[in-house]
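Work through the exercises below with the structure open beside you. Try each task before you read its solution.

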Amino acid sequence: MHGPDLVPLPARHDPGIAPEAAARAFCEAMQKRRSIREFSDRPVSKETIEWIVRAAHSAPSGANKQPWRFVCVQDAATKRRIRLGAEAEEREFYERRANDEWLADLAPLGTDAEKPFLEIAPWLVVVFQLTKGDDGGQVYYLKESVGIACGMLLTAAHLAGLATLTHTPSPMAFLNDILGRPKHERPFLLIPIGHPADHCTVPRAAMQRRPLDDVMVVV
Ligand SMILES: Cc1cc2nc3c(=O)[nH]c(=O)nc-3n(C[C@H](O)[C@H](O)[C@H](O)COP(=O)(O)O)c2cc1C
């Protein structure tokens with residue numbers, strides 16, 4: 001009976017400065033991230049998207065099952081079908097599905113059912129969570145794993161100088177049909193990636209964060 005195959009910890013990232021300074025610099029960079037809804041059609045190379053997906057794919061996952069698929073769409077006709085599918089769900093959401101509290105919470109963001117950016121952004125990355133492995137095996141902590149990978153994807157895009165939107169035109173089953181993905185792949189997030197349009201604006205409300213004391217507890 002053999003134990004696990006263990007190797008020495010590989011070379012780690014060295015910020016070259018004290019942890020306090022490195023953590024602060026990273027925080028200040030991340031505080032400049034914003035979700036945008038007005039994209040430019042300026043191209044972004046496939047190589048860039050590949051590196052961003054590689055960064056997301058380096059995420060930790062339950063039992064290292066990597067229960068994700070990143071479908072990267074640049075084809076104009078496919079983006080158009082995704083826009084039409086998303087707008088159909090969003091119209092239903094704004095007119096019927098959302099309750100009053102939800103609509104009131106969204107009002108300061110100024111969002112509505114129109115999603116032209118889904119055709120304008122050079123890339124749409126549709127992240128699927130795999131409810132079973134490609135080998136048919138079990139997966140664990142699906143939402144946690146895919147959520148972490150998506151956070152890393154947003155971070156990688158931001159640090160590459162690009163902007164994103166975390167979009168959830170729910171329910172998202174239409175994405176399986178359009179992208180030809182099997183049933184055990186469940187759409188998780190639809191993430192346009194690109195450059196902001198000239199004169200892009202963002203809602204002031206989206207920039208506010210509760211004080212650190214409200215969200216951080218030290219014991
Ligand atoms: C899980 C999740 C779902 C979201 N869904 C949408 C969406 O469907 N449409 C949209 O315009 N923004 C969506 N957002 C973006 C949020 O409105 C945005 O993150 C928030 O207002 C804070 O703004 P910021 O990302 O610029 O910090 C979503 C964000 C998250 C994390």
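The exercises cover salt bridges, one helix and one sheet.

This is a predicted model, in which local features need pLDDT of at least 70 and side-chain atom pairs count only at pLDDT 80 or more, while totals for chains, interfaces and linings use all residues. Residues are numbered from 1 along each chain as its sequence is written, and side-chain values use heavy atoms, leaving out hydrogens and water.

**Exercise 1**

Task: Find the salt-bridge partner of Asp134 and state where each of the two residues lies.

Solution:
- Step 1. Recall the term: in a salt bridge, a side-chain nitrogen of Lys or Arg is within 4 Å of a carboxyl oxygen of Asp or Glu.
- Step 2. Search around Asp134. Its partner is Arg69, and the closest N and O atoms are 2.6 Å apart.
- Step 3. Place the pair. Asp134 sits in the loop between strand S2 (123–130) and helix H6 (142–159), while Arg69 belongs to strand S1 (residues 68–73). The two are 65 residues apart, so this bridge links distant parts of the chain. Helices (H or I, at least four residues) and strands (E, at least two) are DSSP runs, numbered from the N terminus.
- Step 4. Check accessibility. Buried means under 20% relative accessible area, exposed over 50%, and partly exposed in between (1.4 Å probe, protein chains only). Asp134 is exposed at 57%. Arg69 is partly exposed at 21%.

**Exercise 2**

Task: Describe the salt bridges of Glu92 and Glu89.

Solution:
- Step 1. Glu92 meets Arg96 in a salt bridge, at 3.0 Å from N to O.
- Step 2. Both residues lie in helix H3 (residues 76–97), four residues apart, about one turn of the helix. An α-helix has 3.6 residues a turn, so residues three or four places apart point the same way.
- Step 3. Compare the labels. Glu92 is partly exposed at 27%, whereas Arg96 is exposed at 56%.
- Step 4. Turn to Glu89, also in H3. Its salt bridge is with Arg97, the closest N and O atoms being 3.0 Å apart. Glu89 is buried at 18%, and Arg97 is partly exposed at 41%.
- Step 5. List the other contacts (heavy atoms within 4.5 Å). Beyond neighbours within four places in sequence, Glu89 touches Pro169, Ser170, Pro171 and Phe174, as well as Arg97.

**Exercise 3**

Task: In what order do the four strands stand in the sheet, and which are at the edges?

Solution:
- Step 1. Two strands pair if DSSP finds at least two bridges between them.
- Step 2. Follow the pairs. The order is S1-S2-S4-S3, in an open sheet with antiparallel pairing.
- Step 3. Look at the ends. S1 and S3 each have a single partner strand, so one side of each is left without a neighbour in the sheet.
- Step 4. Now take S2 and S4. Eight bridges join these antiparallel strands. Trp123 stands opposite Ile193 in S4.

**Exercise 4**

Task: Which parts of the structure do the buried residues of H6 pack against?

Solution:
- Step 1. Name some buried residues. Among them are Leu142, Val146, Cys150 and Leu153.
- Step 2. Find their surroundings. They pack against helix H1 (19–30), helix H2 (46–57), S1, S2, strand S3 (163–164) and strand S4 (185–194).
- Step 3. Get the direction. H6 lies across S1, S2, S3 and S4, at about 10° to S4. Axes are lines fitted to C-alpha atoms, for helices over the stretch in contact, and angles run from 0 to 180 degrees between N-to-C directions.
- Step 4. Go past the helix end. Gly161 follows H6 and has a positive phi, near 85°.
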